Amino acid sequence: MISCKKPKVAFFDFAGCEGCQLTVLDSLQSHPELLQAIEIIQFREAMSERGEDYEIAFVEGSYTRPSDEARLCQIRKQAKIVVALGACAHIGGINAIRNMKPMERVKRYVYQDQAEVFQADQALPISAFIQVDAFIPGCPIDRNEFIAAVKVLLQGNLPDIPDYPVCVECKLRENECVLNKGQPCLGPIIRAGCGALCPTFGQGCEGCRGLIPHPNLDSLKEVLLEHGLSSSMIEAKLGLFMTQELRQTEVVHHGN
Ligand code: SF4
Ligand code: SF4
Ligand code: SF4
């Protein structure tokens, strides 16, 4: 249980663009009441002070370096609740594209003759190393979902993130399906909660919130093939955010 008085909260960043932390800052500015209810004691993006006795840890970014493991374990040891913030922390996100190639090759390509100087490893979600109590998906996170999640955490509960597909929200908004307009969309297999943001603005879903439980990948691939995408285009589309998540899904699938 977190304390009844103002819980101490910390924000941490691993590999990511820091867009989720910026969304947090933006959300807190428009919800000052939350700043009355929590005490932020560590948030590199926003303040210089650095307390270590936090109870709730929000972690943005993926694991990408061997030294990240010890830092993640330290956060887990201290925090009563650890929340993965955004796609990089939740599913590995865009960073995990590099997992498609052998790491030595990736390092040589990026760092060339300095490859041995820099640490680099596969990009993985933080749950590969520590127990994660909750996640807020998306790239970046949805500000309303973040605010709702903090309020729920303060009540001693965990955020209730939808496990149904984006298509449900898309239909509720009475959008015309972008597939009918010849555009690919991953909405049938992607976790809702964004209000079908991209299809509402005429773009196909790119999958930033990650897979729903038990996605019917084969069926989606068939639909996308029927709409003119080649197999390699489909794989590239699926891999934008979900390279690592799909690998894990395959491991579970083949393990059964
Ligand atoms: S999830 Fe997206 S917005 Fe958030 S840190 Fe990663 S790349 Fe940036
Ligand atoms: S546009 Fe995408 S999310 Fe909306 S109904 Fe069509 S496939 Fe589903
Ligand atoms: S529609 Fe898809 S890509 Fe767009 S915000 Fe929602 S989950 Fe992310």
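Colleague: What area does the protein chain expose, and what share do carbon and sulfur atoms supply?
Modeller: This is a predicted model, in which local features need pLDDT of at least 70, side-chain atom pairs count only at pLDDT 80 or more, and totals for chains, interfaces and linings use all residues. Residues are numbered from 1 along each chain as its sequence is written, chains are lettered from A and ligands numbered from 1 in the order written, and side-chain values use heavy atoms, leaving out hydrogens and water. By the Shrake-Rupley method with a 1.4 Å probe, the protein chain exposes about 13300 Å², and the carbon and sulfur share is 53%.

Colleague: How much of the protein chain is buried?
Modeller: Buried means under 20% relative accessible area (1.4 Å probe, protein chains only). Of the 256 residues, the buried part is 45%.

Colleague: Which helix gives the largest share of the shell around ligand 2?
Modeller: Shell residues have a heavy atom within 4 Å of the ligand; here they include Val166, Cys167, Cys170 and Lys171. Helices are DSSP runs (H or I, at least four residues), numbered from the N terminus. Four shell residues come from residues 166–172, which is helix 7.

Colleague: Which helices each supply at least two residues of the shell around ligand 1?
Modeller: Ligand 1 has around it, among others, Gly19, Cys20, Ala87 and Cys88. The two suppliers span 19–30 and 87–91: helix 1 and helix 4.

Colleague: What box do the C-alpha atoms of the protein chain fill?
Modeller: The box is taken along the principal axes. Its dimensions are roughly 55 × 50 × 35 Å.

Note on methods: Buried < 20%, exposed > 50% of the residue type's maximum accessible area, 1.4 Å probe, protein only.
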